[in-house]
Amino acid sequence: MRITDIQRCEVRPGRLVEWTFGPATVAAAAVLPPDPRPPAYIQESHIRTARSVREDGLFVPTWIGAAFDLPGHAELAALERALRGWTLRHETLRSGFRWAGDDMHRFTLDEDDVSLRREVVGDFTDADTLVRYLQDRFDVAADALGWPNLIYAAVLREDSTSVYLAFDHTNVDAYSLQRIPDEIGELYRAGLTGRSVADHAVGSYVDFCEQERANADGIDDTHTIVDRWREFIARCDGKLPDFPVDLGLRPGGTLPAQQLLREPLVDADAAAAFEAYCRPHGGSMVGVLAATSLIVHQLGGQPVYRTVVPFHTRVKSAWSDSVGWYVGGAPIEVPAARDFDTALATVRAELQANRSLARIPLARVLRLLGADFRPTSPDLYSIVSYVDARVVPGADRWTEQKAYALIRVSYGDQVCVWVNRLYEGLWLACRYPDTDVAYKNLRRYIEALRDLVLSVPAPDRMRAAQPTCS
């Protein structure tokens, strides 16, 4: 889906309806015994970071969500059944955490204890007013330090209904969001017609958390993965990597507000040509990282581009349809290259050598390193992410459905770049510190990336250039 914020996802006026967990569900959760399955390290790190930033006096919303349209004026009872059925399908959505001193303990509701409370908020005639309301509401209802930490909403009109879902990040990743329009749409259509939906087993992210944590806790500070992270961080001057261009930030300054850049990068034909050119080296993800290494060297002058590359951790088929935060990271180092082909080869080698490091959560590694990584920003490091989203069920209907993945842009001193391949081409979104210098350099980065993607030969020209044998 196109990544954007709530301000730019085609919000239109209408009657707003909300669903949250009902009072009986909240009451049941309050007296639940601890679930012995622990939080994932990435969940714990996220919540501890939110608490640390809050203790420093700043409320930093970090929810993410999805938006999509259903045709016509939705039948609310059917939509409510679809939302509840989808919630029950994914165990993490009915699981939360409590503090006991400085320790986090999980609790998990039984399916029978989950109910949704519907509330008609009212009619909105102005889109800007509705946007402000939705953002403020989601900030509170999907707060990392609260529970419940999700909310569903719909804006009803005669010709269409827009559905919005917002979650604390502990519950979902980008792939989880991308599956939402198809899954909930299927449940809704089935409810309208009385058709049953085939019940297929979906792996529980809560179970995954237990397994991943057990594996991570099985290593110590002598493990090869820890050694390699130690060496990487040492070469980053003892910290995790920033985006290596001038962002106009003062050392030791307060956490800056952020802005969002989001736009089409290139069309479908150019995206296909770029993929074809990069395929011998591993594809477009390698290409985007190689291009970035060249561009940031030109902009910032650093002799080596160091970054942490996000990888999914859905390594078993049981997790392929599961909602959760299945993301790890692997470090790469790319020396300044003389040309794009050289950078491609270097990035491919780095990814092949280091991808296995993503198997152990970085939060576990940092704990073993014993360094003081007390987080002061929602993002521990800057990223450049590439995903081919066309494989997601229903991706071919996203434009028609006005489907978006939503991110909350609030505060932070890092740069996060997402490049998604959609049916219509490459879409780029970038969250960055709100300074004039950062804006100027991120615009230069995006334009240079677009120019490089467009500069690769199209497949027919590549074939024509090949020598023939007689």
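Helices α2 and α11 are roughly perpendicular to each other. In this predicted model, the axis of α2 (residues 41-55) and that of α11 (residues 362-369) cross at roughly 75 degrees and come within 7 Å. Any crossing between 65 and 115 degrees counts as roughly perpendicular, so these two helices earn that description.

Which residues of α2 and α11 meet? From α2 come Tyr41, Glu44 and Ser45, and from α11 come Ala363, Arg364 and Arg367. Sorted by type, the residues of this contact are three charged, two nonpolar and one polar.

Now let's turn to the sheets. One is an open sheet of seven strands with mixed pairing, and its order is β1-β13-β3-β8-β7-β2-β6. Its edges are β1 (2-4) and β6 (116-124); each has a single partner strand, so one side of each has no neighbour in the sheet. On average, neighbouring strands here are turned by 20 degrees against each other, direction ignored.

The other is an open sheet of four strands, also mixed in its pairing, with the order β9-β15-β14-β12. Here β9 (258-267) and β12 (383-388) are the edge strands, each pairing on one side only. The twist from one strand to the next averages 15 degrees.

Strands of a sheet pair through backbone hydrogen bonds, either parallel or antiparallel. Here are two antiparallel pairs to find in the structure:

| Strand | Partner strand | Sense | Bridges |
|---|---|---|---|
| β3 (residues 64-71) | β13 (residues 404-407) | antiparallel | four bridges |
| β14 (residues 416-422) | β15 (residues 425-433) | antiparallel | seven bridges |

To look at single bridges, start at Ala67, whose bridge partner in β13 is Tyr404. Likewise, Asn420 has Trp427 in β15 as its bridge partner.

Helices lie on these sheets too. Helix α8 (residues 268-278) lies across β9, β14 and β15 and runs at about 85 degrees to β9. Helix α13 (residues 436-455) packs on the sheet as well, touching β9, β12, β14 and β15, and its direction makes about 15 degrees with that of β9.

Helix α5 lies across β3, β8 (160-167) and β13, at about 35 degrees to β3. The 20 residues of α5 (residues 174-193) reach 30 Å from the first C-alpha to the last, close to the expected 28 Å. Where is the kink in α5? Look at Ile180, shortly before the proline Pro181: the kink there is about 40 degrees. Just after α5 comes Gly194, which takes a positive phi of about 80 degrees.

Methods
Residues are numbered from 1 along each chain as its sequence is written. This is a predicted model: local features need pLDDT of at least 70, side-chain atom pairs count only at pLDDT 80 or more; totals for chains, interfaces and linings use all residues. Side-chain values use heavy atoms; hydrogens and water are left out. Axes are lines fitted to C-alpha atoms, for helices over the stretch in contact, and angles run from 0 to 180 degrees between N-to-C directions. Angles under 35 degrees count as roughly parallel, over 145 as roughly antiparallel, 65 to 115 as roughly perpendicular and the rest as oblique. Contact means heavy atoms within 4.5 Å. Ala, Val, Leu, Ile, Met, Phe, Trp, Tyr, Cys and Pro count as nonpolar, Asp, Glu, Lys and Arg as charged, and the others, Gly among them, as polar. The expected span of a helix is 1.5 Å times one less than its number of residues. The bend at a residue is the angle between axes fitted to the seven residues ending there and the seven starting there. Two strands pair if DSSP finds at least two bridges between them.
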